[in-house]
Amino acid sequence: MINLLKDFKGKTFVAFVDISGFKKVLLKNENKAEKILNSFYSIGYRELKSFNSNNLPKCYSLNGMFISDCGIIYVNFCKGYRYIEEPSKKKTILKEVLKDLLLCLKDICRRFWEEQNELLSVGVYYGDFVYQNRLEHENVDKNFIYGQGYLKAFELCENFAVGGEFICKLNELSNDLLGIIGNVGEYGIIIREIENKDIHKKNFRVYWMLEKDDDNKVNEIETYYRELQRLRKEKNNNANIEKPEIEREINEKYDEFKEKIKNLIKKNNSNW
């Protein structure tokens with residue numbers, strides 16, 4: 001098996017991407033689940049290939065691997081990056097890197113929705129990351145992945161993000177994402193700090209379904225996220241008690257949210 005990813009070790013941006021509700025789809029309809037997976041892999045491959053092919057002069061690339069219903073995407077810096085000592089120059093590069101990563105992830109979310117009407121949950125973190133390709137046997141491929149960047153991105157996606165939520169936290173680089181990335185609304189990246197007592201401070205949400213900043217639309221989306229978070233918390237607090245009404249309410253709210261996204265994209269993002 002040919003593996004095109006090179007080994008990496010260092011601090012970088014790491015994204016963990018998960019297909020929301022995939023296990024439920026798999027249990028109900030294996031053929032549909034297979035189509036969803038094929039679409040997920042194809043979109044991820046196309047978007048990463050497109051970015052890297054069009055940005056060869058840059059000192060970094062976006063690398064990714066996809067396993068089952070999950071994807072791991074990280075920024076791979078060229079060797080020359082580590083020799084940059086001037087803080088302002090390094091910050092400028094990191095700002096550009098983060099913008100490119102968020103745009104790529106946004107496009108993956110949008111394309112996946114466009115093809116499958118399904119949602120992706122995303123967690124992004126800046127921290128230590130190690131990737132090593134270890135071929136132990138001709139029939140066994142082992143990808144060695146670890147580091148705080150990966151673990152924190154996974155945690156954001158699995159423990160905090162509800163269906164279709166895209167969360168960033170850059171604690172190891174800076175507590176303030178907006179202080180690093182600045183005003184990126186002109187690129188179609190809409191970011192707000194999450195105001196939720198159950199989520200740690202300085203977590204930021206990317207509104208991948210919006211092209212322009214609009215307080216009313218942001219508030220509409222936040223209403224659904226808050227309700228989904230409340231229902232999930234209630235479900236977790238009653239993990240040992242069968243309460244089918246909670247699961248039913250979660251499914252209904254989730255379907256309602258997907259319909260809202262469909263209308264938002266159709267009415268307000270006609271260029272898509």
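Start by selecting Arg-110: at 1% relative accessibility, this residue counts as buried in the predicted model. Now add Glu-211, and you'll see the two side chains meet in a salt bridge, 3.1 Å from N to O. Arg-110 sits in helix H3 (residues 87-116) and Glu-211 in the loop between strand E8 (204-206) and H6, so this pair ties together parts that are 101 residues apart in sequence. Glu-211 is partly exposed, at 22% relative accessibility.

Next, hop over to helix H6 and pick Glu-227 and Arg-230. Their side chains form a salt bridge at 2.5 Å, N to O. These two are three residues apart in the helix, so about one helical turn separates them. Both ends are partly exposed: Glu-227 has a relative accessible area of 22%, and Arg-230 has 37%.

Helix H7 is the next stop. Select Glu-259 and Lys-262, whose side chains meet in a salt bridge of 3.7 Å, N to O. Here, too, the partners are three residues apart, about one helical turn.

For a group rather than a pair, show Lys-58, Glu-96, Lys-99 and Asp-100, which are linked in a network of salt bridges. The whole structure has 27 salt bridges.

Last stop: the second largest pocket, with a volume of about 960 Å³. Select Ser-20, Gly-21, Phe-22, Lys-24 and Ile-250 to find the lining residues nearest its centre, out of 30 in the lining. Then colour H7, which gives the largest share of that lining, six residues. By class, the lining has nine nonpolar, eight polar and 13 charged residues.

Terms used:
Residues are numbered from 1 along each chain as its sequence is written. This is a predicted model: local features need pLDDT of at least 70, side-chain atom pairs count only at pLDDT 80 or more; totals for chains, interfaces and linings use all residues. Side-chain values use heavy atoms; hydrogens and water are left out. On a 1 Å grid over the protein atoms alone, a cavity is a set of points where a 1.4 Å probe fits but cannot get out, and a pocket is an open set with protein on both sides within 12 Å along at least five of seven lines; lining residues have an atom within 4 Å of a point. Grid points are joined across faces, edges and corners, and a volume is the space filled by probe spheres set on the points. Helices (H or I, at least four residues) and strands (E, at least two) are DSSP runs, numbered from the N terminus. Ala, Val, Leu, Ile, Met, Phe, Trp, Tyr, Cys and Pro count as nonpolar, Asp, Glu, Lys and Arg as charged, and the others, Gly among them, as polar. A salt bridge is a side-chain nitrogen of Lys or Arg within 4 Å of a carboxyl oxygen of Asp or Glu. Buried means under 20% relative accessible area, exposed over 50%, partly exposed in between (1.4 Å probe, protein chains only).
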